[in-house]
Amino acid sequence: MTDNTHRPYEGDDILPHVCRACEARHGGICSVLTPEQLAQINKHSSRRTIEGGAEVVGQGESVGSYSNILRGVVKLSKMMADGRQQIVGLQFAPDFMGRPFSRESALTAEAATETEICAFPRAALERMIEESPELERKLYNQSLKELDEARDWMLTLGRKSAREKVASFLYLIATHIDPLADDGCTFDLPLSRADIADFLGLTIETVSRQMTKLRNEKVIIVENNRHVSVPDIDRLNAAAGND
């Protein structure tokens, strides 16, 4: 969670009201924008809520806008020519969704849970990127972070046991839903058992068995099949086989 009790600074008085308490304002790409730039981009931005399961943008579709994720989880997937589909990543608040200067989406982005986004027209944001080295650097750093996470996930899929894979998935959710959690957290699983199996390269039965084992070992507590509590985040991290 980000502390929104930031100290006012020169120019704060021109901040749009909607930006003042926005999570992306303090932790996402908007954190590097000046109050004047925020006021400018706010003229073109729009907030909307997307129901879980609804598509934000489809693979191969023309890109008309980019978005900050304000709340919820977005599932990224890639489809092959024969219709087979693979979940390739998840995004959380306050991630930036989209690839600047790309005219066509290479992935399908779907709201895994009810999700709130703040969308910007492509032309307006790309113009601001060209005018703001800080914004360009912020997006560059997010891309590098996503690359590092993708490499870590390759290790998870290629080398870890089924138990470590399921624990790694739970650790991913726990640390992104509440990045500052150090002694435990609770969350609702954003994916179905079938989607978790797809994401991890396992069968649904294997995912269920490993969830049951982690529950029996008191690494996690599961209620109503989707609500998960993690009493000790370090113990879950160890179960995931992480350093």
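**Helix packing, ring pairs and local backbone features**

In helix α4, the buried residues are A124, L125, E126, M128 and I129. These and the features that follow are read from a predicted model. The buried residues of α4 pack against helix α3, strands β3, β6 and β8 (115-121), and helix α5.

The packing of α4 on α3 can be followed a little further. Helix α3 covers residues 35-42 and helix α4 covers residues 122-131; their axes lie 10 Å apart and meet at an angle of about 160 degrees. That angle makes α3 roughly antiparallel to α4, and the crossing of the two helices is right-handed. On the α3 side the contact is made by Q37, Q40 and I41, and on the α4 side by A124, L125 and M128. Sorted by character, the residues of this contact comprise 4 nonpolar and 2 polar ones, with no charged residue.

Aromatic rings offer another way into the fold. The structure holds 3 aromatic pairs. In one of them, Y66 and F96, the ring centres are 5.7 Å apart and the planes stand at 45 degrees, so the pair is tilted. Y66 belongs to strand β3 (residues 65-71) and F96 to strand β6 (residues 96-97), so this pair ties together parts that are 30 residues apart in sequence. Both Y66 and F96 are buried. Strands β3 and β6 have already appeared above, among the elements that the buried residues of α4 pack against.

A stacked aromatic pair is formed by W153 and F199, with 4.8 Å from centre to centre and 20 degrees between the planes. Here the partners come from two helices: W153 lies in helix α5 (residues 133-159) and F199 in helix α7 (residues 193-200), so the pair ties together parts that are 46 residues apart in sequence. W153 has a relative accessibility of 14% and therefore counts as buried. F199 is buried too, with a relative accessible area of 3%. Ring pairs also bring in F169, linking W153, F169 and F199 into a cluster.

Further along the chain, V222 sits in strand β10 (residues 221-223). Its relative accessibility is 18%, so V222 counts as buried. Leaving aside residues up to four places away in sequence, V222 touches M211, R215, H227 and V228. The C-alpha atom of V222 is separated by 9.5 Å from that of D188, a residue 34 places away along the chain.

Several loops carry backbone features worth pointing out to a newcomer. A cis peptide bond, with omega of about 5 degrees, joins A93 and P94. P94 is found in the loop between strand β5 (85-92) and strand β6. In the loop between β6 and β7 (108-111) lies F101. The phi angle of F101 is near 70 degrees, which is a positive value in a residue other than glycine. With a relative accessible area of 40%, F101 is partly exposed.

N225 likewise has a positive phi, about 70 degrees, although it is not a glycine. N225 is placed in the loop between β10 and β11 (227-230). At 49% relative accessibility, N225 counts as partly exposed, because the exposed class holds values over 50%.

Definitions and conventions:
Residues numbered from 1 in each chain as written. Predicted model: local features only at pLDDT ≥ 70, side-chain atom pairs only at ≥ 80, totals over all residues. Heavy atoms only, no water. Phe/Tyr/Trp six-rings, centres within 6.5 Å; stacked < 30°, edge-to-face > 60°. Helix = DSSP H or I, 4+ residues; strand = E, 2+ residues; numbered from the N terminus. Buried < 20%, exposed > 50% of the residue type's maximum accessible area, 1.4 Å probe, protein only. Axes fitted to C-alpha atoms, helices over the stretch in contact; angles between N-to-C directions. Parallel < 35°, antiparallel > 145°, perpendicular 65-115°, else oblique. Left-handed = near helix turned anticlockwise from the far one by under 90°. Contact = heavy atoms within 4.5 Å. Nonpolar A, V, L, I, M, F, W, Y, C, P; charged D, E, K, R; others polar.
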